[in-house]
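Please open the structure in your viewer and keep the selection tool at hand, since this tour moves from one selection to the next and says what can be found at each stop.

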Amino acid sequence: MKSHASMPAGSDFRLPSRSRFPALLCTICVLFSLASCAAPGIAPMHGGEAVHGVQPATVVTRIPFADRSGCAGTFVRHTLDSVSLIPGEKGVYMFDSNGSGVALGDLDRDLLPEIILANLSEPNVILWNQGGLQFRRTELSDTDSRGAATVDIDGDGLLDIVFTRRLEPPIAYLSQANALATQTSAFSRTVVPGIAKIAYSMAWTDTDADGDLDVLTGSYDLELQALLGEGFEGQTDSGVYWHEYRDGRFHSRMLARRSQALALAALPAREGAVVVAGNDFLLEDGAWKWRSEGWQDSVPFEHTTQNTMSYSVGDVNNDGHLDLFAADMKPRTDDPAVQAAWAPVMAKVLEDPTDRQITENVLQVQDQEGGFANAAPVAGIAATGWTWSSQLADFDQDGFLDLYVVNGMNAVELFSHLPDNELVETNWAFRNDQGRGFVPAPEWNMGLREGGRGMTVGDVDFDGDLDVVISNLLSPAVLLENQLCQGSSIQIRLRDRYAHNTHGVGAQLVLHTDQGSQLRLLEVTGGYLSGLPPVVHFGFPEQAELRQLEILWPDGESQTIQGLDPNHLYTIVRTG
């Protein structure tokens, strides 16, 4: 096994703190009152308290969270009405073993996010959130799908659904406002205008900071070769592509001809966005940086994962710089039974200390100059098993991002020596130890062994903390309800009335408290094939004093919001 660390063993993976936004262009002083205040064309929030800012171009409203339904001190498991299935009945073979993703998004605008599950051989489904952790199932017309996301692709302010598929370009279900209220016939199925490239994975953001929402897509060429045979060499629709939105449609530009992209991510940077494509097998991960003249090849990392399974972006040490966790495959322990189960796979691992690619997780911690160093070994998260989706999130609401990963693998070709050809592994939760590293948290009761693939996080019951939804292969999907009942929080959702990027995807937000500062990135895609709700969550100790919130919108405009109270959802609408 190869294990490379760019930081000395035993060192702290904290980095010096520095202000992320030294110059703010405008300040919005929030005065809480019961006066009515709404922007033209912006629907009022249910029971929301209107908040009027001194600058008329911004409207802020807030709603208190619901009471917690229980405090078990752990996560509580709930089975969902969806099973991710595969074609055929003769066992699980590569690449059916990869499964599909899951997304969260408030489609009907009732504050309770819906659950959207992609499926390979059964219809994709929406689980409409009825409250009280009850859901109503609706089947969609598509199957043979990989990734899922909720994103407003047509700029009408409503969240749409996008699925990636195995042999075709992405498909979209556009929300219809007058039908969403009844949760019936709520969508218009369509191709995504201008995108004709095959996509396995996707990442949505405003990469060129022009106010429009762009998307990065990547194909999975090994699967395409298996499905198309000789026809693969003649096609021109695979690869990594950037699709820029302008003039009412997307315009595609190839970034890489070869692609095994199980994961994609976008990182804001000082001189322009950096996008990364996480490739499976031996194809090196790709990276490109945006400059005014276009995309340029980039090599931001000294080491990368060899079999990149998923990405998660977040500031793990609260130093004001976004870091990147990349998941790979490596046994968590040296237990002989575990090593025997992994033996056929580990026999194929290449041992080359000069190789940039390493067969273990990588945590790219960013420094003050925009450089990165791998801190996964010293942080205690270099090996987490056969990991698929990974998410950085503040589950215990102490102000630091924790880590959750889902594990397992089925494949006749790899595990014929195991019962049902399946490597059964435990999902792992890691508590962030105040920026000093990660500590296993079995007491959270998140250690499922059900073959997780896609996984997302969000506040499913609107009680302020983050829950987890997992798409398992050949087993029912699972909701893990957060009943840790620790800390307090606020949540932020952005609305931009005049931009195509209506939900502010790609915005960076910093919450300042007397306990320190936290940087968060507003994303709608993350982990493995999964979609995140366009809501930013900040957790903090109950005794923390909230001082101000800084917002850096994707187009570079900055704002400061003051007078925030804990345990509320804030909606910040930019109307001019």
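Which residues does I153 touch, once residues up to four places away in sequence are left out? Select I153 together with D160, V162, A172, L174, V192, W204, Y245 and H500, because these are its contacts beyond that range, and contact here means heavy atoms within 4.5 Å. Please keep in mind throughout that this is a predicted model.

**The surroundings of I153**

I153 itself lies in the loop that runs between strand 9 and strand 10, the latter spanning residues 160-165. Although it belongs to a loop, I153 is buried, with a relative accessible area of 5%. If you add R249 to the selection and draw a distance between the two C-alpha atoms, you will find 9.7 Å in space between I153 and R249, which are 96 residues apart in sequence.

**The whole protein**

Now zoom out to the full view, where the protein has 5 helices and 45 strands. Of its 576 residues, 63% count as buried, and the accessible surface comes to about 20,500 Å², of which 51% belongs to carbon and sulfur atoms. Among the contacts with a separation of 6 or more, 62% are between residues 24 or more positions apart.

**Helix 2 and its two aspects**

Next, select helix 2, residues 221-228, and colour D221, E223 and L224, which are the buried residues of this helix. They lie on the same side of helix 2, because they cover an arc of only 155° around its axis. Strand 9, residues 145-151, is included in what covers these buried residues. Just after the helix, G229 takes a positive phi of about 60°.

Then turn to L228, which also has its place in helix 2 but counts as partly exposed, at 34% relative accessibility. Select L167 and L227 along with L228, and you have the residues that make a nonpolar surface patch of about 220 Å².

**Strand 38 and its partners**

Move on to strand 38, residues 508-513, where 6 of the 6 residues are buried, so that this strand is largely enclosed by the rest of the structure. In a regular strand the side chains alternate between the two faces of the sheet. To follow this here, colour Q508, V510 and H512 on one side, and L509, L511 and T513 on the other, since both faces of strand 38 are covered.

With strand 38 still selected, add strand 39, residues 516-521, which pairs with it in the antiparallel sense over 6 bridges. A hairpin through 2 residues joins strand 38 to strand 39, and Q508 stands opposite L521 of strand 39. Strand 43, residues 546-552, also pairs with strand 38 in the antiparallel sense, again over 6 bridges, and within strand 43 the bridge partner of L511 is L549.

**A last stop at A376**

Is A376, in helix 4 (residues 376-379), buried or exposed? With a relative accessible area of 0%, A376 is buried. Beyond residues up to four places away in sequence, A376 touches N361, V362, L363, I381 and A382. One of these, N361, is 15 residues from A376 along the chain, and the C-alpha atoms of the two are separated by 6.6 Å.

Key
Residues are numbered from 1 along each chain as its sequence is written. This is a predicted model: local features need pLDDT of at least 70, side-chain atom pairs count only at pLDDT 80 or more; totals for chains, interfaces and linings use all residues. Side-chain values use heavy atoms; hydrogens and water are left out. Buried means under 20% relative accessible area, exposed over 50%, partly exposed in between (1.4 Å probe, protein chains only). Helices (H or I, at least four residues) and strands (E, at least two) are DSSP runs, numbered from the N terminus. The arc is that of the directions from the helix axis to the C-beta atoms. Patches are made of residues with over 30% relative accessible area and no salt bridge: like charges are joined within 9 Å, nonpolar side chains (Val, Leu, Ile, Met, Phe, Trp, Tyr) within 5 Å. Accessible areas come from the Shrake-Rupley method with a 1.4 Å probe; for residues, only the protein chains shown count as cover. A salt bridge is a side-chain nitrogen of Lys or Arg within 4 Å of a carboxyl oxygen of Asp or Glu. Two strands pair if DSSP finds at least two bridges between them.
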